[in-house]
Amino acid sequence: RPGLRPAAPRMLGRRVGREVRLEWPGAGLPMALVRDAQTGEVLSFARGGAARLQTGARELDVVFSDGVRSVRDRMVIQ
């Protein structure tokens with residue numbers, strides 16, 4: 001319905017060395033802005049449900065968008 005805020009998609013993340021791999025169902029919210037939660041540094045403008053980032057950050061803020069509406073989520077990386 002118009003005007004409703006989308007729910008944050010279920011996001012999966014894992015660390016491999018300094019690389020963080022993110023995945024989310026990209027069909028409803030295909031775009032994601034990924035930031036280091038501590039510094040605010042923009043790490044990626046990711047599309048299509050997946051991203052690989054070079055970061056040592058332990059927490060990421062992610063803003064998902066469908067091009068009109070957006071929703072924010074925070075992810076703790078193990």
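This note goes through a predicted model, beginning with its nonpolar core and then taking three charged residues in turn.

1. The core. The largest nonpolar core is made of 17 residues. Leu-22, Leu-60, Val-62 and Phe-64 have the most contacts inside this core. Five strands each give two or more residues to the core: strand 2 (19-23), strand 3 (31-36), strand 5 (50-54), strand 6 (59-65) and strand 7 (70-76). Strand 6 gives the most, with three residues. As background, nonpolar side chains in soluble globular proteins tend to be buried together.

2. Leu-22. What does Leu-22 touch, not counting residues up to four places away in sequence? The list includes Leu-12 and Gly-13 from earlier in the chain, together with Val-34, Leu-53, Leu-60, Met-75 and Ile-77. Gly-49, Ala-50 and Ala-51 also touch Leu-22. Of these partners, Leu-60 is also named among the residues with the most contacts inside the core.

3. Asp-36, charge and burial. Asp-36 is found in strand 3. Asp-36 is buried and yet has no salt bridge. Where is the nearest side chain of opposite charge? That side chain belongs to Arg-74, and it is 8.1 Å away. A salt bridge needs the charged atoms within 4 Å.

4. Asp-36, its surroundings. The side chain of Asp-36 does reach the backbone nitrogen of Gln-38, at 2.8 Å. With neighbours within four places in sequence left aside, Asp-36 is in contact with Glu-41, Leu-43, Ala-57, Glu-59 and Leu-60. Leu-60 thus appears here as well as in the contact list of Leu-22.

5. Arg-58. This residue lies in the loop between strand 5 and strand 6. Is Arg-58 buried or exposed? Arg-58 counts as exposed because its relative accessibility is 66%, and the cut-off for exposed is over 50%. Even so, Arg-58 has contacts beyond four places in sequence, namely with Arg-15, Met-75, Val-76 and Ile-77. Thr-39 is 19 residues from Arg-58 along the chain, and the C-alpha atoms of the two are separated by 11 Å.

6. Arg-10. The place of Arg-10 is in the segment before strand 1 (12-16). Arg-10 counts as exposed because its relative accessibility is 68%. Leaving out residues up to four places away in sequence, Arg-10 touches Glu-23, Trp-24 and Pro-25. Arg-10 and Arg-35 are 25 residues apart in sequence, and their C-alpha atoms are 17 Å apart in space.

Conventions: Residues numbered from 1 in each chain as written. Predicted model: local features only at pLDDT ≥ 70, side-chain atom pairs only at ≥ 80, totals over all residues. Heavy atoms only, no water. Core = buried A, V, L, I, M, F, W, Y, C linked by side-chain atoms within 4.5 Å. Buried < 20%, exposed > 50% of the residue type's maximum accessible area, 1.4 Å probe, protein only. Helix = DSSP H or I, 4+ residues; strand = E, 2+ residues; numbered from the N terminus. Contact = heavy atoms within 4.5 Å. Lys, Arg positive; Asp, Glu negative; His and termini not counted. Polar contact = N/O pair within 3.5 Å; in protein donor to acceptor, adjacent residues only side chain to side chain.
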